[in-house]
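Here are my notes on this one, written as I went through it. Have the structure open while you read.

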Amino acid sequence: MYACVCFSITEEEIHDEISAGASTEEEIGERCGAGTSCGTCVERLGCLIEEARLRPCVEQTLRACPSACDAAARAGETLAA
Ligand code: FES
């Protein structure tokens, strides 16, 4: 799925930029151009940054809570090791 239509940049590419150290919408724009044309995708870029920031906390919480792990397993999700 495209995160930025103007530059044909996928969400996966945005995840890669975040993993490589981009932590703001501006840094993502500097690295790959996403968000630097029409700006429609900037809010989505922010959401992807926030999701990446919260992911370790969510995974830690799920690992610490057996009932959450059971719920995740029922939903067919796996927790990162
Ligand atoms: S959709 Fe990303 S700048 Fe236009």
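**Notes on the fold**

1. Let's start with the helix α3, which is hardly covered: of its 23 residues, the count of buried ones is 2. Keep in mind that this is a predicted model.

2. Does the length of α3 add up? What span should its 23 residues give at 1.5 Å a residue? The expected figure is 33 Å, and the end C-alpha atoms sit 34 Å apart, so the two agree.

3. That said, α3 does have a bend, of about 40 degrees, at Leu54. A proline, Pro56, follows within four residues of that point.

4. Stepping back to the whole chain, you'll find 4 helices and 2 strands. Starting from the N terminus, the order is β-β-α-α-α-α.

5. As for burial overall, 19% of the 81 residues count as buried. Taking contacts between residues at least 6 apart in sequence, 37% join residues at least 24 apart.

6. Which residues make up the largest nonpolar core? There are 11 of them: Ala3, Cys4, Ile9, Ile14, Ile18, Ala22, Ile28, Ala34, Cys41, Leu45 and Leu48. The elements giving two or more residues to this core are β1 (2-4), α1 (11-19) and α3 (42-64).

7. If you want one core residue to click on, try Ile28, a member of that largest nonpolar core. Leaving out residues up to four places away in sequence, Ile28 touches Ile14, Glu17, Ala22, Ala34, Gly35 and Leu45.

Key
Residues numbered from 1 in each chain as written. Predicted model: local features only at pLDDT ≥ 70, side-chain atom pairs only at ≥ 80, totals over all residues. Buried ≥ 20, exposed ≤ 12 C-beta atoms within 10 Å, placed from the backbone. Contact = placed C-beta atoms within 7 Å. Core = buried A, V, L, I, M, F, W, Y, C linked by C-beta atoms within 7 Å. Expected span 1.5 Å × (residues − 1). Bend = angle between axes of the 7 residues up to and from the residue.
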